[in-house]
Amino acid sequence: MIQRPLRAAVLASLASLGLAACSGDTADTDTAVVEAPAAGTAPAPAADAHRQPVTDHVFDSAIRAQDFNAHVQTLASDDFEGRAPGGRGERLTVEYIQGHFERIGLEPGNDGSWVQTVPMVETTAAPDTTFDLVMGSDTRTLAAGSEMVIGTRTGQRSVSVTDSELVFVGYGVNAPEQGWNDYEGLDVEGKTVVIFVNDPGFHIGSEMFEGERMTYYGRWTYKYEEAARQGAAAALIVHDDRGAGYGWSVVENSWTGPQFDLPADVDTAPRLPLQGWISADVARDLFAHAGLDLDEQYERAGQPGFTAVPLDTRLNATVESVIREGESPNVMGLLRGSERPDEVVIYLAHWDHLGRVFGGVGDRIYNGAIDNATGVAAILEIAGQMAAGERPERSVLFLAVTLEESGLLGSAYYVADPVFPLEKTVAAINIDAMLPVGRTTDFTVVGKGNSELEDILEPIAAAQGRVLVPEAAVHAGYYFRSDHFNFAKAGVPALYAKGGTEHVEHGREHVAAIEEDYRTNRYHKPGDEFDPDWDLEGILLDLQALYEVGRTLADSDRWPNWYAGNPFRAAREAMRPE
Ligand SMILES: [Zn+2]
């Protein structure tokens, strides 16, 4: 999970192909590039099978600090090699999780199997890619890197877009529940849409689209998805530091090297033939050619009633890519309900992390203790406590997903091919990167204000002496950057809550200092290691609260919905008409 726009591109050994890591966020990144193993030099798998934990720790069925620690210590040990998809670390991790699901007394979660195989496609665009903008008698050739980035997510080796008319579509938003549609009356079939990043009105300080808080419509991923639904041939997002939340170098770095997707026949949502970004300087020239001032257009695009403008320019582009395929498993354990076993509550946490660097000196293993051995430990502890108690009325699925760091692919695959139909899925509770900040007066709900799951959490947190608060960085869109987001997008109410901001004794600075240390020294670095001195008091409260939310849902016949006005509510109502 991401505490700030960052990415480590770490190459692991997914059936000898490299995997880059991006916390589900390929443009929000910086770089920590790690070499891939030369062919044939990946370490041989060890013959020993760690079916049971490597420690001789005896686990209690209740949620316990020492049990949580034992899980994290093992999963984040050097032996597990940073839990990269595809290698020895994957095998040990999958065996560990399955072994504990068995110990706890769960049944295989995927129709008799403990695993669900997730296929993926890796696409690497040729580094010397260029494209042409034909502006009247002038042709401007842009090189990938300093002025633009471009790629395809179709899985096709060669994609061309020729003589495609550029149209400026403002923020590229179609939000029926807000009465806003930048594509109103527009046919962009075969055209190239040019789009501002962030929400409508962001650049002029408007309170529309929840003001400073980034909504789903502000995400660059949304803009490509909407452009694809509209039938565009290509989409180019206009970069600006403030709107994106990061500089051009972050865009450039994250679009260099492999990108990861589910195969197009698995995730059948429309995809753009080509998608990319252009720099602010290029955009200024492009708009000037059409007689438009870029700053004035930020003003116009933030006003209700904005209409699209042709830019009197055409795109010619061909992108050649190297395509490779791989796979990695989700691990699934089921506690079958006693009364309504066909209805399910899901707990999920990603087991994968960035793996290791081959060669070099020093600590080359990305242990991923916080990110996300803590989440895996959490769902194991919650599963143990749930299974030891009275059987819940609804089923509860414990889902340890893979390929989160490659773009939330394991959870996307589960949602595309769910074991329980999504209309029978009550809620998804995601746990990603629990920071040991100690006991707090509050409980952070990332994306607070989304769904009625918060109404269930609130009294549970209150009984712990904690109030619910939103995440501090509401502009950063963290709700859209971990695995629950795939459930949300499909309409299933999803909760992402963890930690707090104010320590009961040591105040805010104490928590802020731990967060800063994590961001600076550990996040997506080899320094994300287990520490036996962690203060787990807050994490234990989080686990107990999230256990109680799931238990409450599993023993009720309630169907919590998204709050009115939420962009995901329409999808839920379409699948569950009341
Ligand atoms: Zn994570």
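## Helix α12, strand β14 and the two domains

The buried residues of helix α12 pack against α8 (369-388). In this predicted model, helix α12 covers residues 507-522, and its 16 residues reach 23 Å from the first C-alpha to the last, which is close to the 22 Å expected at 1.5 Å a residue. Its buried residues are V511, Y518 and R522. They lie on the same side of α12, because they cover an arc of only 60° around the axis. The face turned away from that buried side carries the exposed residues E509, A513, E516, T520 and N521. Just after the helix, H524 takes a positive phi of about 55°.

A second element to follow is strand β14, made of residues 340-350, which is mostly covered, since eight of its eleven residues are buried. Two other strands pair with β14, and the table sets out these pairings together with the residue that stands opposite Y347 in each partner.

| Partner of β14 | Sense | Bridges | Opposite Y347 |
|---|---|---|---|
| β17 (residues 394-401) | parallel | eight | F398 |
| β18 (residues 425-430) | parallel | five | I429 |

Strand β14 also holds E343. Is E343 buried or exposed, if a residue counts as buried when 20 or more other C-beta atoms lie within 10 Å of its own? E343 is buried, because 20 other C-beta atoms lie within 10 Å. Leaving aside residues up to four places away in sequence, E343 touches G337, R394, S395, K424 and V426. Of these contacts, R394 and S395 fall within the residue range of β17, while V426 falls within that of β18. The C-alpha atoms of E343 and L422 are separated by 9.4 Å, although the two residues are 79 residues apart along the chain.

On the scale of the whole chain, the domain assignment gives domain 1, which consists of residues 65-119 and 325-575, and domain 2, which consists of residues 122-323. The centres of the two domains, taken over C-alpha atoms, are separated by 32 Å. Where the domains meet, 16 residues of domain 1 are in contact with 16 residues of domain 2. Helix α9, residues 409-416, gives the most to the side of domain 1 that touches domain 2, contributing four residues. Sorted by class, that side of domain 1 has ten nonpolar and six polar residues, and no charged ones.

How values were computed. Residues are numbered from 1 along each chain as its sequence is written. This is a predicted model: local features need pLDDT of at least 70, side-chain atom pairs count only at pLDDT 80 or more; totals for chains, interfaces and linings use all residues. Domain bounds come from an automatic or database domain assignment. Two residues are in contact if their C-beta atoms, placed from the backbone, lie within 7 Å. Ala, Val, Leu, Ile, Met, Phe, Trp, Tyr, Cys and Pro count as nonpolar, Asp, Glu, Lys and Arg as charged, and the others, Gly among them, as polar. A residue is buried if 20 or more other C-beta atoms lie within 10 Å of its own, exposed if 12 or fewer, and partly exposed in between; C-beta atoms are placed from the backbone. Two strands pair if DSSP finds at least two bridges between them. The expected span of a helix is 1.5 Å times one less than its number of residues. The arc is that of the directions from the helix axis to the C-beta atoms.
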